[in-house]
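Reader: I'd like to go through this one with you and ask how each label was earned. Can you put it up?

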Amino acid sequence: MIAAPGRDLRNTVWRINLFQLFNTASFTLVNGVPMILFFRELGASDFLLGIVASLGPLLNLLQIPATRYLPQIGYQRLVVGGWSLRTGFIAGMALLPWAVPRIGHEAATATMLFLLLAYNASRGASLCGFLPWMASLIPEGSRGWYLARDLFFSAAANLLILASSFLLFRGPSSLTTFSWIFWGSFAAGICSLSLLQKVPDVPVAVADRSGFKGTQKPCGSRGLLDLLVFNALTASSLAAGAVFWVPLLQAEYRWSPAALFGLLASQSGVILLCLVFLRNRIDRFGNRPALFASVFAMVICFVLWMAIAARQLPIHPITLAMLVGSWGIGFSCFQVGNVHLAMQLAPREGRSEYFARFSVVNSLALGAGPILWGGFLASFRGGHRSIGPWEIDAYAILFLCLSLLMAASLFFLARLPGEKPSESPPAR
């Protein structure tokens, strides 16, 4: 039986959830679409936009060297210190749009790149303490409950950002608009930082003081490799799939930005509903059913996009509902089940470096997926080719490959060790 979370644990989880709400809002405003649009306003090339999009995932590599300092610094000091530095850099980003007329577009581009580099470096280095900290705070039997709640607040923040972006960008944008957006990110960062400081610290666990030793993992070295390959396949496919339906609908079907934001908001709404459903069921039934459901749902989603790109499926409310539903189920089940699985397989020794490697593989996959497939789309010169009733183009090939990669991940998921489901969920 799982013990019900006590009042202290519930209060702690509430602080972490509210931190995630403000943290997601802050991060999305300076590392998401608004920043891409700001660089586009400055005249940045597509190649430069790719670099901007990859800075966050690539600089998560700094987690691995940072883990050696975790025992001396401690969880809270390391994470709060990194979050404080990055919040300071956001203030510089908010001031920069006002200086563009004085320093020029090229200097403003270089300055913003430097600020983004510093922002993501401080975030990446300090992130190595976050998952071990949460794993030490949250009892094993309540981790699924905690993760579903945490991702619910993150999805809620995304929904708010999408609604705000729709209101801000439905008319012509200006440099002043971007300044106010970045100041909003700074305010959300301050709120998230104040909440993070109230999360109780715990001593660095013995599991995080030892070096990473593959022979001491509960799942063995082969199990770790299967976990990392599974994440590389799924995360890269999800990252590419989350991006390239946008140019497909814009270029081929002439969708407006407002319509795209509406579809994104619908996806966020479905994700919120799925996370409510998953809240207690991961602890009760385990993470494997959720991960298998995620893979099957994403295969369905990518096959639907392939059929749309091949002109075999019309853009229809029923089609859109199937796309939104399959993406929402797949994304939410993957987010909760994957982190829960990583916590379950954490080794007895070298746990902080294990979490760092897990996070780095995900980050590299998230960064590499859009870059590699974007290069494929840019280099594809075949145009539309008719194969029977099918109209094959680069987008159809892309989504076919993504569905095959997701299906291939089932092989590595099936090889991972099973788990013993909990007899009852944690009390609400």
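Author: Sure, and one term to start: a contact means heavy atoms within 4.5 Å. Among contacts in the protein chain between residues at least 6 apart in sequence, 87% join residues at least 24 apart. This is a predicted model, where local features need pLDDT of at least 70, side-chain atom pairs count only at pLDDT 80 or more, and totals for chains, interfaces and linings use all residues. Residues are numbered from 1 along each chain as its sequence is written, and side-chain values use heavy atoms, with hydrogens and water left out.

Reader: Why is Leu 9 called buried?

Author: Buried means under 20% relative accessible area, exposed over 50%, and partly exposed in between (1.4 Å probe, protein chains only). Leu 9 has 15%, so it counts as buried.

Reader: What does Leu 9 touch, leaving out residues up to four places away in sequence?

Author: Leu 137, Ile 138, Pro 139, Ser 142 and Trp 145. The C-alpha atoms of Leu 9 and Leu 137 are 8.2 Å apart, although 128 residues separate them along the chain.

Reader: And Leu 364: what makes it partly exposed?

Author: Its relative accessibility is 31%, which lies between the 20% and 50% cut-offs, so "partly exposed" is the label.

Reader: How do you know that the span of helix α7 agrees with what's expected?

Author: Helices (H or I, at least four residues) and strands (E, at least two) are DSSP runs, numbered from the N terminus. The expected span is 1.5 Å times one less than the number of residues. For the 22 residues of α7 (residues 105-126) that gives 32 Å, and the end C-alpha atoms are 32 Å apart, so the two agree.
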